[in-house]
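Subject: Handing over a structure

Hello,

Here is the structure I promised to pass on to you. Please have a look at it first, and then read my notes below.

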Amino acid sequence: MDQPETVRTPSSWVVVGLDNGGTCNNATVLDATGQFLVNNLVENPSRVLDGPESAVEALAEAFSNILELTSTPLSLVRAVGLDTPGPASAHGVISSKGATNFNQVSWHGFDIRGALEARLGLPVVYNNDGNAAALYAHHQHFGAAAPLNSSVAAIVGTGLGGGVVESGAVVRGVAGMAGELGHVQIPLHGVIEDDQPVPMCNCGFAGDVESIASLTGIKNNLLPYWLTRFPDHPLANEPLATAAKALRGYGEKEDAMALAVFGQQAKAIGKLFTIAANFTDPAAYFLGGGVVEAAPHFRQWFLNSVRESTDLRDEQKAVATFALVPDRDMAGARGAAVAALNTVTAA
Ligand SMILES: [Zn+2]
């Protein structure tokens with residue numbers, strides 16, 4: 001269990017945030033004043049591989065556990081925020097084709113939001129994990145000024161997730177597919193080398209952001225090319241999946257090939273942010289994912305490279321900021337809670 005000094009008890013009504021992952025659920029409580037009652041990661045098994053019934057029950061357990069941990073009476077809970085990996089609809093119906101974490105047939109087209117709402121008897125607000133992390137970054141960065149600001153967040157992981165926040169709220173789109181930043185196609189000029197094959201994404205697009213700025217992009221596209229330029233590199237003898245995961249460690253040691261790969265990722269994200277600059281002209285550009293956990297000098301180099309690759313006009317440079325998404329592990333649960341809080345206060 002978690003250290004008692006990191007847990008507060010509520011002074012008014014609250015919302016609960018539940019982040020559903022492949023192995024664990026992470027839970028948090030946010031009170032009406034915008035204060036989180038838990039400062040650390042509180043996890044329990046998510047049981048998603050056992051199918052929807054077990055997974056919904058595991059979410060209900062995470063909900064009960066976090067209320068117990070924070071001494072929060074159930075009667076104070078006004079709403080619950082839930083986030084899961086996508087693809088899912090804007091209202092939490094898992095894709096009819098399934099998803100990485102939800103590959104059992106019983107998950108296909110399953111309404112996880114509706115099922116949890118029925119189980120808990122409380123309103124449940126849904127976001128995908130990228131949107132939840134984007135919302136948390138926005139809330140944390142702008143605080144009380146969150147409703148007055150806009151931002152865009154790119155979260156680099158196995159894929160490239162993130163989201164677009166406008167006036168403090170996630171832009172969802174008619175089908176729930178707004179802010180699928182990984183699948184935005186970018187100009188490749190100045191990003192890839194002249195003799196480098198055009199990177200392909202699992203979604204079928206050529207040259208989208210995820211085909212470069214993701215672990216999958218490193219494995220499928222960037223490493224196979226860069227290893228031809230660095231044939232004597234120690235990673236040349238490793239399977240590509242292993243080599244891709246090991247690359248960040250080399251980047252932290254300023255290995256030339258690793259810096260070439262991560263440099264291309266930074267340029268790709270810069271191209272994406274340049275599109276964002278001309279689309280919603282956000283007040284903040286957030287960068288998150290595994291890179292946030294990298295050695296400070298490396299993550300700062302990466303953020304600086306992204307900033308340098310983002311073409312902003314002078315007026316934008318004067319007012320826009322670039323920042324890392326804080327609290328990587330907790331960002332999903334906290335963002336889900338912020339979404340629930342926004343729903344309650346808007347009602
Ligand atoms: Zn794609």
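Before we get to the first sheet, one definition helps: two strands count as a pair if DSSP finds at least two bridges between them. Please also keep in mind that this is a predicted model.

**The sheet from β1 to β5**

With that in hand, you can trace an open sheet of five strands, in the order β3-β2-β1-β4-β5 and with mixed pairing. Its edges are β3 and β5, each of which pairs on one side only. Ignoring direction, neighbouring strands in this sheet are turned by 25 degrees against each other on average. Helix α3 packs on this sheet, where it touches β4 and β5, and its direction makes about 100 degrees with that of β5.

Both kinds of pairing can be found here. Strand β1, residues 14-20, runs antiparallel to β2, and seven bridges join the two. One of the partners to look for is aspartate 31 in β2, which is bridged to valine 14. Strand β4, residues 77-84, is instead parallel to β5, with five bridges between them. There, glycine 81 stands opposite valine 125 of β5. Between these two strands comes helix α2 (residues 112-120), and β4, α2 and β5 together make a right-handed β-α-β unit.

Is the edge strand β5 buried or exposed? Five of the five residues in β5 (residues 124-128) are buried, so the strand is largely enclosed by the rest of the structure. Val124, Tyr126 and Asn128 point one way from β5, while Val125 and Asn127 point the other way, and all are buried.

Helix α3, which packs on this sheet, spans residues 129-142 and holds histidine 139. Histidine 139 has a relative accessibility of 17%, so it counts as buried, the limit being under 20%. Apart from its neighbours within four places in sequence, histidine 139 is in contact with Gly34, Ala146 and Val338.

**The sheet from β6 to β10**

Another open sheet has five strands in the order β8-β7-β6-β9-β10, and its pairing is mixed. Strands β8 (169-170) and β10 (321-324) are at the edges with a single partner strand each, so one side of each has no neighbour in the sheet. At the β8 edge, β7 (residues 160-166) is joined to β8 by two bridges, and these strands run antiparallel. Glutamate 166 is the residue that stands opposite alanine 169 in β8.

Which strands does helix α6 touch? Helix α6, residues 256-279, packs on the sheet and touches β6 (151-156), β7, β9 (284-289) and β10, with its direction at about 160 degrees to that of β6. Helix α7, residues 296-309, lies across β9 and β10 and runs at about 150 degrees to β10.

**The zinc site**

Do take a moment over the zinc ion. Its coordinating atoms are ND1 of His183, SG of Cys201, SG of Cys203 and OD of Asp208, at 1.9 to 2.3 Å. The four donor atoms make angles of 105 to 117 degrees, and the site is tetrahedral. For comparison, the ideal angle for four tetrahedral donors is 109.5 degrees. Along the chain, the donors follow the spacing H-x17-C-x1-C-x4-D. Among these donors, cysteine 201 is buried with a relative accessible area of 8%, and aspartate 208 is buried with 0%.

**Some loop residues**

Most residues other than glycine have a negative phi. Arginine 47 has a positive one, near 50 degrees. Arginine 47 sits in the loop between β3 and α1 (52-69), and with a relative accessible area of 31% it is partly exposed. Glutamate 254 also has a positive phi, of about 60 degrees, although it is not a glycine. This glutamate 254 is found in the loop between α5 (240-252) and α6, and at 54% relative accessibility it counts as exposed.

Leucine 41 lies in the loop between β2 (24-31) and β3 (43-45), where a relative accessibility of 27% makes it partly exposed. From leucine 41 to histidine 297 there are 256 residues in sequence and 25 Å in space, C-alpha to C-alpha.

Enjoy exploring it!

Best wishes

How values were computed:
Residues are numbered from 1 along each chain as its sequence is written. This is a predicted model: local features need pLDDT of at least 70, side-chain atom pairs count only at pLDDT 80 or more; totals for chains, interfaces and linings use all residues. Side-chain values use heavy atoms; hydrogens and water are left out. Helices (H or I, at least four residues) and strands (E, at least two) are DSSP runs, numbered from the N terminus. Contact means heavy atoms within 4.5 Å. Axes are lines fitted to C-alpha atoms, for helices over the stretch in contact, and angles run from 0 to 180 degrees between N-to-C directions. Donors are N, O and S atoms within 2.8 Å of the metal (3.2 Å for Na, K and Ca); water is not among the atoms, so sites may look incomplete. Four donors count as tetrahedral if all angles lie between 85 and 135 degrees; four count as square planar and six as octahedral if opposite donors are over 155 degrees apart and all others between 65 and 115; anything else is irregular. Buried means under 20% relative accessible area, exposed over 50%, partly exposed in between (1.4 Å probe, protein chains only). A crossover is right-handed if, with the strands pointing away from the viewer, the path from the first strand over the helix to the second runs clockwise.
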